[in-house]
Amino acid sequence: MSKGRGIIRNILGGIIAGGLMITGVYLRAKRKALQENKIMPLFFHTISKEFFFKCILWLKNNGYVFISTEQLLNYLKGNGTVPDHAVWITFDDGWQENIDNVIPIITEYNIPVTFFISTDPVENGGVFWWSYVSRYGKKYLKTDNTIKKMRLISESRREELIKQLENRFAAGMTREAMTIENVKQIARLPQVAVGCHTAHHVMMTQCNEEELNYEIKTSKEKLENWIGKSVNCFSYPEGDYNSHVREVVQRYRFDLAATTDNRFISDNDDPFLVPRFWVRGEGFFSAAKCQMLGIWNPFMWKILKMFDVDHDFDKFLAHLKNVLADIFELLFAIEVFLSSSGI
Ligand SMILES: [Zn+2]
């Protein structure tokens, strides 16, 4: 995303979060979350040190207790309990900047976290495929030239297009993913669990049988080989799964798989479809608080539906610009009317 759009997004986020707070939606959700005593599941991608520290402080100050994947798994299997107001923290993809921004905080405050890592970027080149698409897709690809479009095509086609971009532009890209050494290093920490996130961060429902098996098997074997421990948890990239995908993941002897379904975890949840709330990790902190309570996404989906833009932020911005232009025009007309009438 460009810097300008990032800033607009942050400002809009702040306004929306302000609205959720003023209208009492936030306070009601906060009270409900603490009363119902369900597990708060969070996932991040990247986050600055300051922002992550703020999230941890907010969780601590509100009485949340951090639990590990193992504790969660025992609870879901009915073999153990979790403390009241438990929170489960996860990170997807395996971004290298989390080594500096997250690791020092979790070690200092002894917070268990799980990193779900895609192995191919770690091993080959260090760049996630969507970075090629956002930088070069519009200019160098014909039809499937945006990240959104690429998520809807077959895995073989996605791979072919990304290979084209990689061959051309890999030399100019900066590393985003952890190195193998980074993965080994974090896996040694008592606070860290490592989980799979496929090899190529594929859309699993777009894979054929062979691709699906390859993506799960290779990533599990590679991670286990690197860290010298068995890897028993998984997260579906982009939360993209169906019943078949879920079944294949289970076949590879995982114990738990995480989705991006926007719910708190309860004791009767399927360990292979564990829900999680996405926390963006930048912008106004009030927005992050709404994200941690799970009220952000449903609200955003409602707004996007109102504008009929189907989860597409670009279209949403275009509509919003039109609406704002209409409002300014109206205000201008009122101003002209008032000044001409001498009011
Ligand atoms: Zn991911």
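Helix H8 and helix H10 (residues 155–169) pass within 10 Å of each other, axis to axis, and cross at roughly 90 degrees. H8 and H10 are therefore roughly perpendicular to each other. From H8, the contact uses Trp129, Tyr132, Tyr136 and Tyr140. From H10, it uses Ile162, Leu165, Glu166 and Phe169. Sorted by class, the H8–H10 contact has seven nonpolar residues, no polar ones and one charged.

This model is predicted. Here is the wider setting. The protein has 16 helices and eight strands. Of its 343 residues, 34% are buried. Take the contacts between residues at least 6 apart in sequence: 68% of them join residues at least 24 apart.

**A second helix pair**

Two packed helices are described by the angle between their axes and the distance between the axes. Helix H12 (residues 209–227) and helix H13 (residues 243–251) also have axes that come within 10 Å. Their crossing angle is roughly 40 degrees. That makes H12 oblique to H13. The crossing of H12 and H13 is right-handed.

Which residues meet here? H12 brings Leu212, Asn213 and Ile216. H13 brings Val245, Val248 and Val249. In the contact of H12 with H13, five residues are nonpolar, one is polar and none is charged.

**Helix H4: one buried face**

An α-helix has 3.6 residues a turn, so residues three or four places apart point the same way. Now look at helix H4 (residues 69–76). Its residues Thr69, Leu72, Tyr75 and Leu76 are buried. Viewed down the axis of H4, the buried residues fall within an arc of 125 degrees, so they line one face of the helix.

What covers these buried residues of H4? The cover includes strands E3 (86–93), E4 (113–117), E5 (192–196), E6 (233–235) and E7 (256–258). After H4 comes Gly78, with a positive phi near 80 degrees.

**Helix H14: largely enclosed**

Helix H14 covers residues 285–292. Six of its eight residues are buried, so H14 is largely enclosed by the rest of the structure. The buried residues of H14 are Ala287, Ala288, Lys289, Cys290, Gln291 and Met292. Lysine is counted as charged, and here Lys289 is among the buried residues. Just after H14, Gly294 has a positive phi of about 80 degrees.

**Residues in loops**

Phe128 sits in the loop between helix H7 (119–123) and helix H8 (129–140). Is Phe128 buried or exposed? Phe128 is buried, because 22 other C-beta atoms lie within 10 Å, and the cut-off for burial is 20 or more.

Leave aside residues up to four places away in sequence. Phe128 then touches Asp93, Pro121, Glu176, Ala177 and His201. Trp95 is 33 residues from Phe128 along the chain, and the C-alpha atoms of the two are separated by 9.3 Å.

His201, one of the residues that Phe128 touches, lies in the loop between E5 and H12. His201 is buried too, with 24 other C-beta atoms within 10 Å.

Most residues other than glycine have a negative phi. His201 has a positive phi, near 50 degrees. Arg253 is not a glycine either, and its phi is positive, about 60 degrees. Arg253 lies in the loop between H13 and E7. Why does Arg253 count as exposed? Arg253 has 10 C-beta neighbours inside 10 Å, and a residue with 12 or fewer counts as exposed.

**A link across the sequence**

Ile8 belongs to helix H1 (residues 3–22). With 16 C-beta neighbours inside 10 Å, Ile8 counts as partly exposed. Ile8 and Gly283 are 275 residues apart in sequence. In space, their C-alpha atoms are 9.8 Å apart.

The table lists the neighbour counts for the four residues discussed one by one.

| Residue | C-beta neighbours within 10 Å | Status |
|---|---|---|
| Phe128 | 22 C-beta atoms | buried |
| His201 | 24 C-beta atoms | buried |
| Arg253 | 10 C-beta atoms | exposed |
| Ile8 | 16 C-beta atoms | partly exposed |

Note on methods: Residues numbered from 1 in each chain as written. Predicted model: local features only at pLDDT ≥ 70, side-chain atom pairs only at ≥ 80, totals over all residues. Axes fitted to C-alpha atoms, helices over the stretch in contact; angles between N-to-C directions. Helix = DSSP H or I, 4+ residues; strand = E, 2+ residues; numbered from the N terminus. Parallel < 35°, antiparallel > 145°, perpendicular 65-115°, else oblique. Left-handed = near helix turned anticlockwise from the far one by under 90°. Contact = placed C-beta atoms within 7 Å. Arc of directions from axis to C-beta.
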